[in-house]
Amino acid sequence: MKGAYLVTGASRGIGKEIAKSIASSGFPVIALARESIDLGVTGAELADINQDSITISCDLSDRADISSAATVISNRFSHLSGIVHNAGTIHPIENMLDVERADWAKSIQVNLIGVQDLTTRLNKILGGDLHTRITTISSGAAKRSIHGWSAYCVSKAGLDMWALCMAEEGASRNISAISIAPGIVDTGMQEDIRNADEKSFPALSNFIDYYTNGDLTNPVDVAEKLLPYCLGNLGENGSRLDVRNL
Ligand SMILES: NC(=O)c1ccc[n+]([C@@H]2O[C@H](COP(=O)([O-])OP(=O)(O)OC[C@H]3O[C@@H](n4cnc5c(N)ncnc54)[C@H](OP(=O)(O)O)[C@@H]3O)[C@@H](O)[C@H]2O)c1
């Protein structure tokens with residue numbers, strides 16, 4: 001069996017299409033998301049492509065869930081060829097002086113701390129004699145502040161630096177890490193953005209315009225561009241890339 005790839009946020013959107021592309025390249029995929037009908041559908045589609053693929057339900061805001069997921073994965077697979085840390089939430093979309101602490105903290109947990117927690121718990125099946133490629137899915141919001149998105153901007157900026165640190169420390173362990181921003185993609189996250197309240201998100205009309213003007217890209221096309229980078233065939237260790245420049 002070829003080494004497995006863990007893809008988080010694989011129930012829908014970009015993660016689902018990356019998971020299917022990786023499975024189509026001959027690798028078993030571990031598709032992780034919270035328990036849902038969507039995750040079940042992804043699991044069935046992946047099993048049709050590669051019968052060694054599995055799904056894992058895990059809420060990345062829950063430390064116990066992350067611990068259980070890592071145990072299941074480590075017991076089943078002796079090595080991971082890669083991890084795509086794609087799961088993410090745009091919520092809360094709120095003015096930063098008004099936002100509830102718990103909502104802000106949950107975003108940082110899902111988008112950033114969960115990545116560190118899950119990766120370290122899989123430590124024993126990463127790198128070593130066989131290479132592991134770790135890819136984090138970034139955002140333009142890692143580089144520029146967007147009113148109402150403070151938790152998302154901070155978590156994505158932190159995630160870019162997390163990938164750089166992993167690139168630095170992983171090099172001697174046969175682990176490489178990169179981060180890639182996917183552009184503006186037609187997924188549930190963009191729908192959530194269009195449903196935000198303009199009072200806390202003044203750029204709302206721009207995002208409605210992106211959609212109505214047909215500026216959003218298709219997750220299938222994005223996954224196709226991301227694939228060689230997630231497989232470690234392209235992308236220098238420590239690089240921060242943008243799909244729009246690939
Ligand atoms: N779409 C864009 O324009 C865009 C632009 C820049 C960056 N990105 C980034 O691309 C990545 C994928 O986004 P997308 O657009 O495909 O979004 P999406 O359609 O909303 O999908 C998000 C994925 O993350 C998972 N997820 C969310 N919260 C989770 C949690 N607590 N535990 C486990 N999984 C969780 C979701 O699974 P469940 O809800 O089923 O658990 C889902 O599979 C994200 O990191 C996002 O920040 C997207």
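## Reading strand 6 and its surroundings

Author: Let's start in the sheet of this predicted model: strand 5 (residues 132-137) and strand 6 run parallel, joined by six bridges. One pairing to click on is Thr135, which stands opposite Ile178 in strand 6.

Reader: How does the chain get from strand 5 to strand 6, and through which helix?

Author: Follow the backbone out of strand 5, through helix 5 (residues 150-170), and into strand 6. That β-α-β crossover is right-handed.

Reader: Which strand pairs with strand 6 over three bridges?

Author: That's strand 7 (residues 240-242), again in the parallel sense. Look for Ser179 there: its bridge partner in strand 7 is Arg240.

Reader: Okay, how do I read the two faces of a strand?

Author: The general idea is that side chains in a regular strand alternate between the two faces of the sheet. Here, one side of strand 6 has Ile175, Ala177, Ser179 and Ala181, and the other has Ser176, Ile178 and Ile180.

Reader: Are those faces of strand 6 buried or exposed?

Author: Both are covered, and every one of those residues is buried. Seven of the seven residues of strand 6 (residues 175-181) are buried, so the strand is largely enclosed by the rest of the structure.

Reader: What would a residue that isn't buried look like, say Gly40?

Author: Burial here is a neighbour count: 20 or more other C-beta atoms within 10 Å makes a residue buried, and 12 or fewer makes it exposed. Gly40, which is found in helix 2, has 13, so it comes out as partly exposed. Its C-alpha atom is separated by 21 Å from that of Leu118, 78 residues away along the chain.

Reader: Now zoom out. How many helices and strands does the chain have?

Author: Eight helices and seven strands. For overall form, set the radius of gyration against what a compact globule would give: with 246 residues that would be near 18 Å, and the chain's 17 Å agrees. Of the 246 residues, 45% count as buried.

Reader: What share of the contacts join residues at least 24 apart?

Author: It's 71%, counted among contacts between residues at least 6 apart in sequence.

Reader: And the ligand: which residues are closest?

Author: Gly9, Gly13, Arg34, Gly88 and Thr187, out of 30 residues that surround the ligand. The elements giving two or more residues to that shell are helix 1 (13-24), helix 2 (37-49) and helix 6 (188-194). By character, the shell divides into 13 nonpolar, 13 polar and four charged residues.

Definitions and conventions. Residues are numbered from 1 along each chain as its sequence is written. This is a predicted model: local features need pLDDT of at least 70, side-chain atom pairs count only at pLDDT 80 or more; totals for chains, interfaces and linings use all residues. Helices (H or I, at least four residues) and strands (E, at least two) are DSSP runs, numbered from the N terminus. The radius of gyration is taken over C-alpha atoms; the globule rule is 2.2 Å times the number of residues to the power 0.38. Two residues are in contact if their C-beta atoms, placed from the backbone, lie within 7 Å. A residue is near a molecule or strand if its C-beta atom, placed from the backbone, lies within 6 Å of it. Ala, Val, Leu, Ile, Met, Phe, Trp, Tyr, Cys and Pro count as nonpolar, Asp, Glu, Lys and Arg as charged, and the others, Gly among them, as polar. Two strands pair if DSSP finds at least two bridges between them. A crossover is right-handed if, with the strands pointing away from the viewer, the path from the first strand over the helix to the second runs clockwise.
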